[in-house]
Amino acid sequence: MRDETYGRVFDWLDSARDARLRAGLVREVRPRPADAASLDLAGNDYLGLTRHPEVTAAAADAARRWGAGATGSRLVTGSTALHAELEAELAAFTGFEAALVFASGYAANLAALTALSGRGSLIVSDAANHASLIDGCRLARAEVSVVPHADPEAFRKALDGHPGRALAVTDSVFSVDGDAAPLAALATVCRDAGAALVVDDAHGFGVLGDGGRGAVAAAGLAGAPDVVATVTLSKSLGSQGGAVLGPARVVEHLLNAARTFIFDTGLAPAAAGGALAALRLLRREPARAPRVRDVATELHRRLTAAGLAAARPDAAVVSVLAPSPDAALRWAARCGDAGVAVGCFRPPSVPDGVSRLRLTARAALTDTDIDRAVEVIPARAPGRH
Ligand code: PMP
């Protein structure tokens, strides 16, 4: 009886799993050891701060002082003095009037898009935008126009003549190919159309701009009255969490209207304390940012010289093309077996359906590390090993 009725509710999952198997798109979680010996070209700890003693000590102190969790949403008990300090210092560092911290970059993106649009408004979104921006568009109840990648004229056409509120949204550095958005041209298009510009600077913050102030600052747009940036605290700052940066009235609106701010438990104090310590370190040691860019450029130069096809990196992400999802997965596994951890992007994480190895440059990589990457990765490419 049981098996014939409600026991079969999830039977459809078996055919979904079979379809994934046939397409070579099965995903699995592989817990890493705390003391992994492999060379890390897969993580997003761009500035090498996640294990910096000042950062881990600040995180531990925050947990001891404030507790392991925030205890409530930001508007109830979830805001500590650390959150306020972090917001003030993030805004000052990036050149924006105000900042609002969220439990993740994902939540920050959902907040910016949903609270700044709505029914009757228009969002124009780059086709290669991150999933969190895509989800923000879906939740916003606005009209959404997805335009070809990195094409300001396509944004202009889509914005043209819209009678209501409008905003354009783009990643600053695209997470799959590592290329930078044409931010200055997009800002001009938005200004001509009377639209706001929202930039997800997850991969630019800490890497691009003077001392790592980000891609928005590098484009001369930080603090502009019509520009909003979002960042994650989980990449360059080696912690966890996210933030929206913008004019004070935007932040005040988000605090009152953004559901991922109001209904989500505040960022854990340890993460806020760790991010704050990392931000202070970056201010003190600005050379970490250009070092990441130099490592990325060198990795790209030497891997392409070894015959691999890779897009030129504009920040830390170096993306190497693979012939198929299966081949990408096997290639990544062979690199892992040889002690070099690399990321593997397959559909649906790649908008064009082309699988890639995704390598991330980090400030802490030495010339010997780069030599090792160049020795291991091309030699294990499909058809070569
Ligand atoms: N935007 C981009 C471009 C990202 O790559 C990521 C993280 N993968 C996020 C947003 C989400 O940030 P978080 O991991 O802090 O939620």
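This report describes the interface between the two domains of a predicted protein model.

Residues are numbered from 1 along each chain as its sequence is written. In this predicted model, local features require pLDDT of at least 70 and side-chain atom pairs pLDDT 80 or more, whereas totals for chains, interfaces and linings use all residues, and side-chain values rest on heavy atoms, with hydrogens and water left out.

The chain comprises domain 1 (37-49 + 287-379) and domain 2 (53-284), with bounds from an automatic or database domain assignment. Their C-alpha centres are 26 Å apart. Contact (heavy atoms within 4.5 Å) involves the residues tabulated below.

| Domain | Residues in contact with the other domain |
|---|---|
| Domain 1 | 22 residues |
| Domain 2 | 24 residues |

The two domains bury about 1800 Å² between them, 61% of it from carbon and sulfur atoms; buried area is the accessible area (1.4 Å probe) that two parts lose on being put together, summed over both. Y46, L49 and D314 supply 30% of the area that domain 1 buries against domain 2, more than any other three residues.

One salt bridge is counted between the domains, the term denoting a side-chain nitrogen of Lys or Arg within 4 Å of a carboxyl oxygen of Asp or Glu. R356 forms a salt bridge with D177, with 3.0 Å between the closest N and O atoms.

By class, the side of domain 1 that touches domain 2 has 13 nonpolar, three polar and six charged residues. Here Ala, Val, Leu, Ile, Met, Phe, Trp, Tyr, Cys and Pro count as nonpolar, Asp, Glu, Lys and Arg as charged, and the others, Gly among them, as polar.
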